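Work through the exercises below with the sequence and the structure open beside you. Try each task before reading its solution.

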Amino acid sequence: MRRSRLLLSLALSAVTASALVAADAAPDEPIRSVRLPVLRDPQAQQTLHRMTDPVQDWVESGDPAADGYAGTVIDAWNQHADIYWKGEAPTKVQALLGANASPGFTVDVHRSPYSRAEMRAAIERFTAAVAPGAWTSIGPQEDGAAIAITYVPSKATRLTGGATTEQAYSRRAAEIAGMPVTATVEGVPAALSGSRHSDSAPYYAGAEVNTGKAAFCSTAFSGWKDGTKVLLTAGHCGGGRYYNGTGGYIGDLYAIGDGLDVGMIAINGNGADQFYDGAWSDRSGSSRHTYGAGRNNVGDLVCLSGAQSGWKCDVEVKKVDVETTNDEGTKIRPVDIAESKGGDRRAVGAKGDSGGPALANPSGANGDMEARGVIVAGRSEVSCPAGSTAHSTTCYAQVMYVPMTPVVNQMGFSIS
């Protein structure tokens, strides 16, 4: 068994050293993590991605013939996926789906009013004309019917001429964007800086990290950039030197992703292709292996691992390719948004989880998982269930994470 690790979080910056000692000494009851639901086929999500990812790979290749693509939605429970396309989908779409078909799984291609490219152009028109304070997040709808915008009513009155209803906001935003808008009242995303307390080399994802700026954050995946061994975390967590919860030196800031809010730490030692999959209070160092990086689609089920709130699954991707600005003024694009499956507003993240990993596609009930992103923000404040976090903090029903695709392509990151 790997060496014992003290999995107790440092408090937020307001917590004193004496309080930390007292917390360390207190007995902790393990908090049960939520597991992914049992599907008819445990590999359903992976299978659907193997069928639909080649279509998205073609879209991302820049081939003009793929310009009509709007979005993809995964429904692993029913072993089904939907792809949306403006106009008649090219024959290559069905050819790619047919070449990767799997018995018992279906993919339907639907016509959409707008393409992804048209929705992105509309988003750029809107964000160029409207100050960020008048909106909190903006992104395309996967069905290609509209763009989706969230806003805080008190900050939108100048845009709408005094009205604060979602209908009034949608109408005015649509005039500016030049296409239909679905508007929803929602708060400003909060940066989740705030354990896996004493992590050391080889470094795991989901452990505590802190700097002079952040009382603490969490770590994500280890890997390489330009031949340097690096560890991912959230960019807003600070810079300079990084330490674990007991003051152990981890490494120095190596790179920040432009507009991604993802930072790379040049680590003092090796990284491990492992992540913590236990509750924050799990002292055994329970962990699993990561086997690569994958893309996210609406409908995917993911798991999250943070130093403050531990391991949570049964979390569903609700939006992808969204642009937002957090409460620290950091602009981030793209982010994917996930919340508890079923919309029960269960707490899925907390302050202190920033920088932690999002993962998906377990190979078996407790199997290896695929890297999906780096947690950067939370939204929709909810009560923290008793004992669910390492310390008193703020919990959220939505978590935003930067997907792995731009981390790999823009930042030059290669996962361990």
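**Exercise 1.** Find which backbone nitrogen the side chain of Asp282 reaches, and decide whether Asp282 is buried or exposed.

*Solution.* This is a predicted model, and the steps below are read from it.
Step 1: Locate Asp282, which sits in the loop between S16 and strand S17 (287–293).
Step 2: Follow its side chain to the backbone nitrogen of Ser286, at a distance of 3.3 Å.
Step 3: The relative accessible area of Asp282 is 16%. Buried means under 20%, so Asp282 is buried.

**Exercise 2.** Determine how many salt bridges the structure holds, and describe the one between Arg295 and Asp57.

*Solution.*
Step 1: The count for the structure is 15 salt bridges.
Step 2: In the pair of Arg295 and Asp57, the side chains meet at 2.3 Å, N to O.
Step 3: Compare each partner with the cut-offs. Arg295 has a relative accessible area of 10%, so it is buried. Asp57 has 44% and is therefore partly exposed, since that class lies between 20% and 50%.

**Exercise 3.** Describe the salt bridge between Arg111 and Glu88, and state where in the chain each partner lies.

*Solution.*
Step 1: The closest N and O atoms of Arg111 and Glu88 are 2.6 Å apart.
Step 2: This pair links distant parts of the chain, 23 residues apart. Arg111 belongs to strand S3 (residues 106–112), and Glu88 to the loop between strand S2 (80–86) and helix H3 (91–99).
Step 3: Exposed means over 50% relative accessible area. Arg111 has 59%, so it is exposed. Glu88 has 61%, so it is exposed too.

**Exercise 4.** Give the N to O distance for Asp321 and Arg116, then name the residues that salt bridges join into one network.

*Solution.*
Step 1: The side chains of Asp321 and Arg116 form a salt bridge at 3.4 Å, N to O.
Step 2: Both of these residues, Asp321 and Arg116, are buried.
Step 3: Salt bridges with shared partners join Asp53, Asp57, Glu60 and Arg295 into one network.

**Exercise 5.** Report the volume of the largest pocket and describe its lining.

*Solution.*
Step 1: The volume of the largest pocket is about 700 Å³.
Step 2: The lining has 24 residues, and the closest to the centre of the pocket are Glu60, Arg116, Arg295, Asp321 and Thr405.
Step 3: Look for the elements that each supply at least two lining residues: helix H2 (44–60), helix H4 (116–129), strand S19 (310–325), strand S20 (331–340) and helix H7 (404–409).
Step 4: Sorted by class, the lining contains eight nonpolar, six polar and 10 charged residues.
Step 5: Link this to the salt bridges. Asp321 and Arg116, listed among the residues closest to the pocket centre, form a salt bridge with each other. Glu60 and Arg295, on that list as well, belong to the network with Asp53 and Asp57.

**Exercise 6.** Describe the two largest cavities by volume and by the classes of their lining residues.

*Solution.*
Step 1: Recall the method. Rolling a probe the size of a water molecule over the atoms shows where empty space is left.
Step 2: The largest cavity has a volume of about 40 Å³, and the second largest holds about 30 Å³.
Step 3: Residues lining the largest cavity include Tyr203, Phe221, Asp273 and Ile415. Strand S8 (203–205) and strand S16 (271–276) each supply at least two residues of this lining.
Step 4: By class, that lining divides into seven nonpolar, four polar and one charged.
Step 5: Around the second largest cavity are residues including Lys312, Val348, Pro385 and Cys395. Its lining has five nonpolar, four polar and one charged residues.

**Exercise 7.** Identify the strands that hold Gly373 and Ala255, and list what each residue touches beyond four places in sequence.

*Solution.*
Step 1: Gly373 lies in strand S23 (residues 369–382). Its relative accessibility is 0%, so Gly373 is buried.
Step 2: The contacts of Gly373 beyond four places in sequence are Phe221, Gly356, Pro357, Ala358, Tyr401, Val402, Pro403 and Met404. Gly373 and Phe221 are 152 residues apart in sequence, yet their C-alpha atoms are 8.9 Å apart.
Step 3: Ala255 lies in strand S14 (residues 249–256). Its relative accessibility is 16%, so Ala255 is buried.
Step 4: Beyond four places in sequence, Ala255 touches Lys225, Val262, Gly263, Met264 and Met411. Lys225 is 30 residues away from Ala255 along the chain, with 9.2 Å between the C-alpha atoms.

Definitions and conventions:
Residues numbered from 1 in each chain as written. Predicted model: local features only at pLDDT ≥ 70, side-chain atom pairs only at ≥ 80, totals over all residues. Heavy atoms only, no water. Helix = DSSP H or I, 4+ residues; strand = E, 2+ residues; numbered from the N terminus. Buried < 20%, exposed > 50% of the residue type's maximum accessible area, 1.4 Å probe, protein only. Contact = heavy atoms within 4.5 Å. 1 Å grid on protein atoms, 1.4 Å probe; cavity = no way out; pocket = protein on both sides within 12 Å on 5 of 7 lines; lining within 4 Å. Points joined across faces, edges and corners; volume = space filled by probe spheres on them. Nonpolar A, V, L, I, M, F, W, Y, C, P; charged D, E, K, R; others polar. Salt bridge = Lys/Arg side-chain N within 4 Å of Asp/Glu carboxyl O. Polar contact = N/O pair within 3.5 Å; in protein donor to acceptor, adjacent residues only side chain to side chain.
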